[in-house]
Amino acid sequence: MRAWVYRKSGQPSQVLKLEQDYSFSNVSHLPIKIRVKSAALNPVGYKAIKEIPSIVTHKPAVPEQDFAGIVEECSSDSGFKPGDEVFGMNSATEQIKNGIGCMAEFTHTNSAVLVKKPANLSFAEAASIPLAGLTAYTVLIKQGGIKAGSRVLVNGSSGGVGVMAVQIAKAVGAYVVATCSEQSASLVKGLGADETVDYRQSDLLGSLTQKYGSETSRFDLVFDAIGVHSLYKASPGFVKSTGSFLTISAPADTIGTTVKTFFQMGSSLFQPKWLGGTSVPFKMCWLEAEKEHDSLVRMAKWLEEGTIKPVIDSEYSFEDVPKAYERILSGRAKGKVVVNVQ
Ligand SMILES: NC(=O)c1ccc[n+]([C@@H]2O[C@H](COP(=O)([O-])OP(=O)(O)OC[C@H]3O[C@@H](n4cnc5c(N)ncnc54)[C@H](OP(=O)(O)O)[C@@H]3O)[C@@H](O)[C@H]2O)c1
């Protein structure tokens with residue numbers, strides 16, 4: 001099959017090659033073969049290509065995890081049949097252990113993170129959902145416990161995860177304040193955010209404290225999709241005493257920066273206040289997709305009903321995968337970058 005493959009670590013533009021006759025070496029344990037129609041990019045995809053050494057991950061590897069497509073073959077007990085239109089994710093474990101991704105004509109999976117595609121979504125729209133949508137869903141609802149009336153600050157609301165976080169928080173009835181640049185404010189308001197705050201203003205932290213520092217306007221939860229240490233340190237100024245700060249990220253450049261930011265944030269929790277410590281509970285959250293089949297089912301229902309909608313920044317042809325990586329690597333995508341495979 002045709003597949004984008006990397007055989008060593010490096011910049012996607014240098015190491016990713018379109019191979020004409022590639023096959024995965026170890027798929028016998030994965031009972032469902034999918035003809036990929038569309039695949040979406042995520043920052044973890046380029047971080048894996050650039051940063052993770054071969055000693056840790058299988059190479060050669062096909063990148064990316066989010067796909068929508070048609071079941072080509074499956075076992076009789078898989079819950080699917082050939083011809084079903086589906087969307088879902090390759091697991092991170094399969095990606096790391098066996099190099100199985102979805103930027104290819106076919107991919108292989110099990111039914112843990114696979115559901116039928118709602119008929120009202122295109123394949124590109126469906127592919128844009130799983131990793132970002134499930135991350136937002138599990139962090140806000142399962143880990144953050146938000147509910148109707150919760151006050152939520154979404155930091156980084158115009159990115160792939162942020163656009164889902166705003167919509168999911170609104171779907172459960174939360175009040176949502178969302179940080180984004182001025183250029184993204186209309187998009188984010190259109191997704192339901194009650195207020196937007198320009199993160200590029202000169203005194204962002206001071207203005208958050210001034211605007212949301214009173215007892216009635218403080219937040220129950222900060223969902224940080226960017227990984228801003230200074231936002232966490234300032235959070236006692238605008239988070240309730242019962243509130244918390246959940247982060248999924250660090251600035252999306254290198255694995256090293258990610259670890260450093262998480263370490264800084266975590267260590268602020270254990271420092272005494274007079275040494276710059278922070279009292280707001282802090283948690284780093286990771287998506288464990290294999291446990292989230294029920295969440296994907298719920299999201300598919302919301303998508304079908306129109307409660308939430310996909311947000312696509314840009315679509316590329318299969319031949320233009322390097323251009324798709326250029327776009328996501330810019331850090332400026334508004335919503336998801338999607339590749340139409342066939
Ligand atoms: N822990 C997990 O399980 C998990 C899961 C998914 C994602 N992640 C991580 O979460 C991060 C975000 O992922 P993503 O898919 O949303 O990335 P993305 O789509 O590439 O994010 C790009 C967006 O971020 C906005 N942005 C950049 N800097 C900002 C800032 N300082 N404040 C507010 N907005 C800012 C940009 O808006 P402007 O252009 O307007 O600046 C742009 O719209 C990545 O680091 C990713 O690796 C972690």
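Is the crossing of α5 and α6 left-handed or right-handed? I looked it up, and the crossing of α5 and α6 is right-handed. I keep in mind that this is a predicted model.

**Entry: the helix pair**

I checked where the two helices sit in the chain. Helix α5 covers residues 130-143, and helix α6 covers residues 160-171. I then looked at their axes, which come within 8 Å of each other. The axes cross at roughly 45°. Angles from 35 to 65 degrees fall outside the parallel and perpendicular classes, so α5 is oblique to α6.

Which residues of α5 and α6 make the contact? From α5 I listed A132, G133, T135, A136, Y137 and L140. From α6 I listed G160, V161, M164, A165, I168 and A169. I sorted these contact residues by kind: nine are nonpolar and three are polar. I found no charged residue in the contact of α5 with α6.

**Entry: the whole chain**

I stepped back to the full protein chain. It has 12 helices and 15 strands. I looked up its radius of gyration, which is 20 Å. The globule rule also gives 20 Å for 342 residues, so the chain is as compact as a globular protein of that length. I noted the box filled by the C-alpha atoms as well: roughly 60 × 40 × 35 Å along the principal axes.

**Entry: burial and contacts**

How many of the 342 residues count as buried? I wrote down 49%. Last, I took the contacts between residues at least 6 apart in sequence. Of these, 70% join residues at least 24 apart.

Note on methods. Residues are numbered from 1 along each chain as its sequence is written. This is a predicted model: local features need pLDDT of at least 70, side-chain atom pairs count only at pLDDT 80 or more; totals for chains, interfaces and linings use all residues. Helices (H or I, at least four residues) and strands (E, at least two) are DSSP runs, numbered from the N terminus. The radius of gyration is taken over C-alpha atoms; the globule rule is 2.2 Å times the number of residues to the power 0.38. A residue is buried if 20 or more other C-beta atoms lie within 10 Å of its own, exposed if 12 or fewer, and partly exposed in between; C-beta atoms are placed from the backbone. Two residues are in contact if their C-beta atoms, placed from the backbone, lie within 7 Å. Axes are lines fitted to C-alpha atoms, for helices over the stretch in contact, and angles run from 0 to 180 degrees between N-to-C directions. Angles under 35 degrees count as roughly parallel, over 145 as roughly antiparallel, 65 to 115 as roughly perpendicular and the rest as oblique. A crossing is left-handed if the near helix is turned anticlockwise from the far one by less than a right angle, and right-handed if clockwise. Ala, Val, Leu, Ile, Met, Phe, Trp, Tyr, Cys and Pro count as nonpolar, Asp, Glu, Lys and Arg as charged, and the others, Gly among them, as polar.
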